[in-house]
Amino acid sequence: MESLAFSNVALLFGAVFVVLGIATSLVASRFGAPLLFLFLCLGMLAGQDGPGGIVFNDYRIAYIVGSLALAVILFDGGLRTRFSSFRGVLAPALMLSTIGVVLTAGITGAVATLILDLRLVEGLLVGAIVASTDAAAVFFLMRSKGVQLRRRVANAIEIESATNDPVAVFLTLVLVELVLAPQATGWVEVSLILGQQALVGTAIGVTGGLALAATLNRVTLPQGLHPLLVVAAAVLIFALASVLQGSGFLAAYLAGLILGNRPVRAFPTILSFHDATTWLSQIVMFLVLGLLVTPSTLVAYALPAMLLAVFLIVVGRPVAVWLCLTPFGFSRREKTFVSWVGLRGAVSIFLAAIPTLASLPNAETYFNVAFFVVLVSLLVQGWTVAWAAGRLGLKVREAGPEIKRLEIDLPGQIELELVGYPVAPSSPVLAGAVFPSWMRTVMIVRGGEVLTPEAAGDLAVGDYVYVLAPPARVARLDRLFATLDGASAFGVGTFSFGGDAAIEDVCTLYGLHVPADLKGLTVAEGFAERFEDRVDIGDRIAIEPAFLLATAIRDDQVAKAVVEFEEDGRVGAGGLVGRIGGKVRGFLVERRAARNAEGGSEAPTG
C-alpha cells in the first residue's frame with residue numbers, strides 16, 4: 001500500500017508540474033522570456049533544494065527521458081522541413097554540423113582545460129559536451145519567437161542544429177573511452193565508429209520514413225490512430241538505430257523529413273498532434289533535467305562555468321562559424337547571427353550525464369558546468385534571438401498572425417483537402433487579393449446559410465469560406481484570410497508595381513539603395529529569392545528606410561507590390577506615395593522606351 005500511495009503522489013506531482021509548465025509558457029510568451037529556461041528553473045524549484053523538495057538523482061532515467069523527448073522533437077523538426085530548404089545551404093550546414101562541432105569542441109575544450117584545471121582529454125570532453133547546438137531549442141525558439149529569417153540563413157541554422165547531434169554524441173563517447181583507457185582507442189577505430197553511426201542512422205531513418213509513409217497510405221486505421229502510430233514509429237526508429245550502433249538522432253530527423261515531404265493520409269491531424277506532443281516533450285524533458293541538478297552544488301561551479309559560457313558564446317562558436325561559412329559567401333551579418341543563435345540545450349545536459357553513467361572521475365564537474373552553460377545560453381541567446389535578427393537586418397517577416405483554420409481530410413485521396421477559414425476584418429480577401437490557381441472555392445457559409453461561390457458574390461466579414469487545396473500548400477492561404485496592418489489600404493492612394501517591375505527602377509524612383517542580392521531582379525524574382533516558395537500577401541522586403549510589400553500573388557509569385565515607408569508603418573506613409581504616384585508610370589515608361597531603343601528587354605510598367 002505504501003508503494004501504491006507513493007505512485008499516486010508521483011502522478012499528482014507530475015501532472016501538477018506539467019500544468020505549471022503550460023501556465024508558465026503563457027506568462028513567458030507574454031513577456032518574451034525564453035520558455036526552455038523557465039522550464040529548467042521550474043524543475044530546479046521542484047528539486048531537493050527548492051520548495052518542492054523532490055530528491056531525484058537517477059541519471060539513467062533522465063537519459064532515457066531526454067532521449068525519448070529528443071526523438072519526438074527531432075522527428076517533428078524533420079516533419080516541418082521541406083526538401084527545397086536544402087537548396088544552396090546543404091554544404092555549409094553540413095560543414096557547420098561536422099567540422100564546426102569539432103572546431104568548437106577543440107577551442108572550447110582547450111580553454112576548459114585551463115579554467116577547470118583538467119587534463120587536456122578531460123577539457124576536450126567538456127568542449128564536446130557543449131559543442132553542438134540543440135535542435136530542440138533552435139526549432140522551438142524560431143517558432144515561439146515568430147522569427148522568420150532570410151531563407152539561406154534560416155535553412156542553414158535548422159539543418160545544422162538537426163544534424164550536429166550525432167557528431168557531438170560521437171565525440172563525447174570517444175573522449176569518454178579515452179579518459180577511461182587512453183591507449184584503447186585508435187584513429188582507425190574512431191573513423192569506423194563515426195562511419196557506422198552515420199551510415200546506420202541514415203539507412204534506418206530513410207527506410208523507416210518511407211515505410212511509415214507507405215503504411216499510413218495503405219492501411220485503414222480507426223480515426224485518431226494515425227498520429228499515435230507516427231509518434232510510436234518515431235521512437236521505434238530512434239531506438240532501432242541506437243540499438244544497431246547508429247545515430248538515433250539522425251535517424252529520427254531523417255524519418256520525419258521523408259514523411260513530411262511525401263503525400264500522406266491524415267497529415268493535418270498528424271501535424272496538429274505533433275504540436276502538442278512536442279510541447280509535452282519539451283516540458284517533461286526540461287523539468288526532469290531541472291530536477292536532476294542540485295543548485296547548491298551548482299553555485300560552486302558558477303564562476304568557471306560562467307567564464308566558459310562567455311568564451312563559448314563570444315569566441316568559440318563565432319570562430320568555428322566564420323571559418324566554416326566564409327568559403328560559401330555568407331555576409332558578415334549572416335555569420336554574426338549564425339554565431340549568436342548557436343543555443344545550447346537539453347542535448348548538452350544529457351550528454352553530460354554520460355560521464356556519470358560511465359563512472360568517470362570529475363563526473364560532477366562535467367554535469368554542473370554543462371548545466372550552467374546551457375542556462376546562460378538559453379537566458380542570454382534565447383532572450384535576444386528575435387532582437388538580434390532584427391538588429392542585423394535578417395528578419396524578413398513578422399510573426400505570423402493567429403489563423404483559425406479548419407483542415408479536413410477527404411476519404412479516398414491524398415492530393416486535396418478541405419480547408420475552412422473565417423473572413424476577418426481588413427483581411428486581404430476583402431481588398432481584392434487574388435486567389436492562387438491551385439485553390440478552388442467550394443462553398444461559403446453566411447449567416448447559417450450555405451451558398452455556392454457564384455451565389456455568394458463578394459465576400460463579407462463573418463463569412464466562412466471552404467476551399468479545396470493541396471495539403472502542402474495550405475499554409476500559404478493563411479495570409480489571405482489574416483487581419484493585416486494596412487491590408488485595407490492595398491491599392492488605395494498608392495501606386496502598385498507589377499511583379500515584373502525591376503527593383504532597381506523602383507529604388508531609383510524613390511531614391512533608395514538597392515540591396516546587393518536584389519540587383520538585376522524583378523519584384524517577383526526578389527521576393528522569390530528572399531522567401532522561395534513561401535511568399536505570402538503581406539510579406540515585406542527591407543530596402544531601408546522603406547519596404548516592398550507584396551499585395552497580390554498569382555501562381556506562387558508576387559503579382560503586385562507597393563512601397564511602404566517606416567515613418568508610420570502604413571502604405572504610402574506621410575502621403576509620399578500619393579504625391580509622386582503620378583510620376584511613377586511616366587518614369588517606368590521612359591525606362592522601357594530607353595531599353596527598347598538600346599535593344600534590351602522591355603522594362604515593366606507595373
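# Helices, strands and cores in a predicted model

There is a kink of about 40 degrees in helix α4, and its centre is Gly 100; the bend at a residue is the angle between axes fitted to the seven residues ending there and the seven starting there. Helices (H or I, at least four residues) and strands (E, at least two) are DSSP runs, numbered from the N terminus.

This is a predicted model, in which local features need pLDDT of at least 70 and side-chain atom pairs count only at pLDDT 80 or more, while totals for chains, interfaces and linings use all residues. Residues are numbered from 1 along each chain as its sequence is written, and side-chain values use heavy atoms, with hydrogens and water left out.

## Confidence

Let's begin with how far to trust the chain. The mean pLDDT (the predictor's confidence in each residue, from 0 to 100) is 78 for the protein chain, and 80% of its residues reach 70 or more. Helix α14 (residues 302-325) has the highest confidence, at a mean of 94, whereas helix α22 (residues 576-598) has the lowest, at 47.

Two stretches call for some care. Residues 486-494 stay under a pLDDT of 50, and the model gives them 22 contacts (heavy atoms within 4.5 Å) beyond four places in sequence. Residues 600-606 also stay under 50, with 21 contacts beyond four places in sequence.

## Helices and positive phi

Back to the kinked helix: α4 covers residues 90-115, 26 residues in total. From first C-alpha to last, α4 reaches 36 Å, close to the 38 Å expected at 1.5 Å a residue; the expected span is 1.5 Å times one less than the number of residues. Just after α4 comes Asp 117, with a positive phi of about 55 degrees.

What span should the 13 residues of α11 have at 1.5 Å a residue? The expected value is 18 Å, and the end C-alpha atoms of α11 are 18 Å apart, which agrees. Helix α11 is mostly covered, with 13 of its 13 residues buried. Here buried means under 20% relative accessible area, exposed over 50% and partly exposed in between (1.4 Å probe, protein chains only).

Most residues other than glycine have a negative phi. Gln 245 takes a positive value, near 65 degrees, and sits in the loop between α10 (225-243) and α11 (248-260). With a relative accessible area of 48%, Gln 245 is partly exposed. Asn 362 likewise has a positive phi, near 65 degrees, and is found in the loop between α17 (354-357) and α18. Asn 362 counts as partly exposed, at 36% relative accessibility.

## Strand pairs

Two strands pair if DSSP finds at least two bridges between them. Here are the pairs covered in this report.

| Strand | Partner | Sense and bridges |
|---|---|---|
| β4 (residues 417-422) | β7 | antiparallel, six bridges |
| β5 (residues 440-446) | β7 (residues 464-469) | antiparallel, five bridges |
| β5 | β6 (residues 449-451) | antiparallel, three bridges |
| β9 | β10 (residues 546-554) | antiparallel, four bridges |

Strand β7 meets β4 where Tyr 421 stands opposite Val 465, and meets β5 where Met 443 has Tyr 466 as its bridge partner. Five of the six residues of β7 are buried, so β7 is largely enclosed by the rest of the structure.

Strands β5 and β6 form a hairpin with two residues between them, and Gly 447 in the turn has a positive phi of about 60 degrees. Val 445 stands opposite Val 450 in β6.

In a regular strand the side chains alternate between the two faces of the sheet. Strand β9 (residues 540-543) has Ile 541 and Ile 543 on a covered face, and Arg 540 and Ala 542 on an uncovered one. The bridge partner of Ile 541 in β10 is Leu 548.

## Nonpolar cores

A nonpolar core is a set of buried Ala, Val, Leu, Ile, Met, Phe, Trp, Tyr and Cys residues joined through side-chain atoms within 4.5 Å. Which members of the largest core touch the most other members? Leu 40, Phe 337 and Phe 371 do, in a core of 103 residues. Helix α18 (residues 363-391) supplies the largest share of this core, 14 residues.

Leaving aside residues up to four places away in sequence, Phe 337 touches several residues, including Leu 149, Val 153, Ile 157, Val 385 and Leu 394. Another core, of 41 residues, lies apart from the largest one, and among its members are Ala 469, Leu 477, Cys 507 and Phe 531.
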